[in-house]
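Dear colleague,

Please find the structure below, together with my notes on what turned up when I went through it. I have tried to spell out each criterion once, where the term first comes up.

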Amino acid sequence: MIEEYNPWWISKERITEIEIYRKYEESEVKWVPDVIGKVSLSPYSLNFIFGPRQVGKSTALILLIKKLLDEGKNKS
């Protein structure tokens, strides 16, 4: 059931099924939020990403996940 919300757990290619990612790929402007480079990925780190509605928080997280998958940093 939780795989429905995290399809890349099944296969990294399934990230393209996420509507947010599809909209990003279809858009003419490909803006990458700078928060992606500021998120700490060290063990036991805790990050909070907050802001107003519709500013790209979810898109930033999906792009970070895609970047990590492309770098081969999945645990499968």
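To begin with a detail: which side chains meet in a salt bridge at 2.9 Å, N to O? They are those of arginine 14 and glutamate 17, where a salt bridge is a side-chain nitrogen of Lys or Arg within 4 Å of a carboxyl oxygen of Asp or Glu.

Before I go further, please bear in mind that this is a predicted model, in which local features need pLDDT of at least 70 and side-chain atom pairs count only at pLDDT 80 or more, while totals for chains, interfaces and linings use all residues. Residues are numbered from 1 along each chain as its sequence is written, and side-chain values use heavy atoms, with hydrogens and water left out.

Overall picture

The protein chain has three helices and zero strands, and along the sequence the pattern reads α-α-α; helices (H or I, at least four residues) and strands (E, at least two) are DSSP runs, numbered from the N terminus. Taken along the principal axes, the box filled by the C-alpha atoms is roughly 30 × 30 × 25 Å. Of the 76 residues in the protein chain, 22% are buried, on a scale where buried means under 20% relative accessible area, exposed over 50% and partly exposed in between (1.4 Å probe, protein chains only). About 6,300 Å² of the protein chain is exposed, and carbon and sulfur atoms supply 56% of that area; accessible areas come from the Shrake-Rupley method with a 1.4 Å probe, and for residues only the protein chains shown count as cover. Among contacts with a separation of 6 or more, 54% join residues 24 or more positions apart, contact meaning heavy atoms within 4.5 Å.

Salt bridges

The structure holds four salt bridges, one of them being the pair already described, in which arginine 14 is partly exposed at 28% relative accessible area and glutamate 17 is partly exposed at 40%. In general, side chains of opposite charge can pair when their charged atoms come close. Another salt bridge joins glutamate 19 and lysine 23, whose closest N and O atoms are 3.3 Å apart; these two residues are separated by about one helical turn, because they stand four residues apart in helix α1 (residues 19-26). Glutamate 19 counts as partly exposed at 47% relative accessibility, whereas lysine 23, at 53%, counts as exposed. Lysine 66 and aspartate 70 also form a salt bridge, with 3.0 Å between the closest N and O atoms, and since they are four residues apart in helix α3 (residues 57-70), about one helical turn separates them.

Helix packing and isoleucine 15

The axes of α1 and α3 come within 9 Å and cross at roughly 90°, axes being lines fitted to C-alpha atoms, for helices over the stretch in contact, with angles running from 0 to 180 degrees between N-to-C directions. That crossing makes α1 roughly perpendicular to α3, a term that covers angles of 65 to 115 degrees. On the α1 side the contact is made by Ile20, Tyr21 and Tyr24, and on the α3 side by Ser58, Thr59, Ile62, Leu63 and Lys66.

Isoleucine 15 is found in the segment before α1 and, at 1% relative accessibility, counts as buried. Leaving aside neighbours within four places in sequence, isoleucine 15 is in contact with Trp8, Tyr21, Ile62, Ile65, Lys66 and Leu69. Isoleucine 15 and isoleucine 62 lie 47 residues apart in sequence, yet 8.2 Å apart in space, C-alpha to C-alpha.

Loop and helix α2

Most residues other than glycine have a negative phi. Tyrosine 44, however, has a positive phi of about 70° although it is not a glycine, and glutamine 54 has a positive phi of about 65°, again without being a glycine. Tyrosine 44 lies in the loop between α2 (35-38) and α3, as does glutamine 54. Tyrosine 44 is exposed at 85% relative accessible area, and glutamine 54 is exposed at 76%.

Finally, glycine 37 is placed in helix α2 and counts as exposed, at 66% relative accessibility. Glycine 37 and leucine 64 are 27 residues apart in sequence and 8.6 Å apart in space, C-alpha to C-alpha.

With kind regards

Key:
Parallel < 35°, antiparallel > 145°, perpendicular 65-115°, else oblique.
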